[in-house]
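Dear colleague,

Please find the structure below, handed over for your use. A summary of what was found in it follows.

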Amino acid sequence: MASGPQSFYELYRRSSVGTALTDTLDDLIQDHRIDPQLAMKILANFDRAITEVLQDKVRSRLTFKGSLDTYRFCDEVWTFQLKNVAFKMDNGQHTVQADKVKIVSCTAKPQGTT
């Protein structure tokens, strides 16, 4: 049974890897080395690949503690902004501190997909 193309969230485009990819694609478009349609296909493939890899390959866990500054729920997406956050890795030996953290949480599948 074949299914139609599945769309993925574009959240990871704002990561350092996603930003580097987007900047590189913009440069290639400006240099007329690729067309914008190819860049959009590459970004859609990036969205799919990074979502699948993070879901299937990453097994590390961490806990965090901080102060909730603001939260919002809109279009099935939760956004939390935290202050003074301490992250502790699953082995308990390494702690990372951050002044501000933004967490975005979405359902596993975007609306309108099967």
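**Salt bridges**

Glu10, Arg13 and Asp47 are linked in a network of salt bridges, a salt bridge being a side-chain nitrogen of Lys or Arg within 4 Å of a carboxyl oxygen of Asp or Glu. The model is a predicted one, in which local features need pLDDT of at least 70 and side-chain atom pairs count only at pLDDT 80 or more, while totals for chains, interfaces and linings use all residues. Residues are numbered from 1 along each chain as its sequence is written, and side-chain values use heavy atoms, with hydrogens and water left out.

Within the network, the closest N and O atoms are 3.6 Å apart for glutamate 10 and arginine 13, and 2.6 Å apart for arginine 13 and aspartate 47. Arginine 13 lies in the segment before H1 and aspartate 47 in helix H2 (residues 36-57), so this pair ties together parts that are 34 residues apart in sequence. Both arginine 13 and aspartate 47 are buried (buried means under 20% relative accessible area, exposed over 50%, and partly exposed in between, with a 1.4 Å probe and protein chains only).

The count of salt bridges comes to four. One of them joins arginine 48 and glutamate 52 at 2.9 Å, N to O; being four residues apart in helix H2, these two are separated by about one helical turn.

**Overall fold**

The protein has two helices and three strands, in the order α-α-β-β-β from the N terminus. Helices (H or I, at least four residues) and strands (E, at least two) are DSSP runs, numbered from the N terminus. Of the 114 residues, 15% count as buried.

**Aromatic cluster**

Tyr71, Phe73, Trp78 and Phe80 form one aromatic cluster. Rings of Phe, Tyr and Trp (its six-membered ring) pair if their centres lie within 6.5 Å; planes under 30 degrees apart count as stacked, over 60 as edge-to-face and the rest as tilted. Four aromatic pairs are counted by this rule. Among them is the tilted pair of tyrosine 71 and tryptophan 78, at 6.4 Å centre to centre and 35° between the planes. The rings of phenylalanine 73 and tryptophan 78 are also tilted, with centres 4.7 Å apart and planes at 40°. Tyrosine 71 is exposed at 56% relative accessibility, whereas tryptophan 78 is partly exposed at 36%.

Yours faithfully
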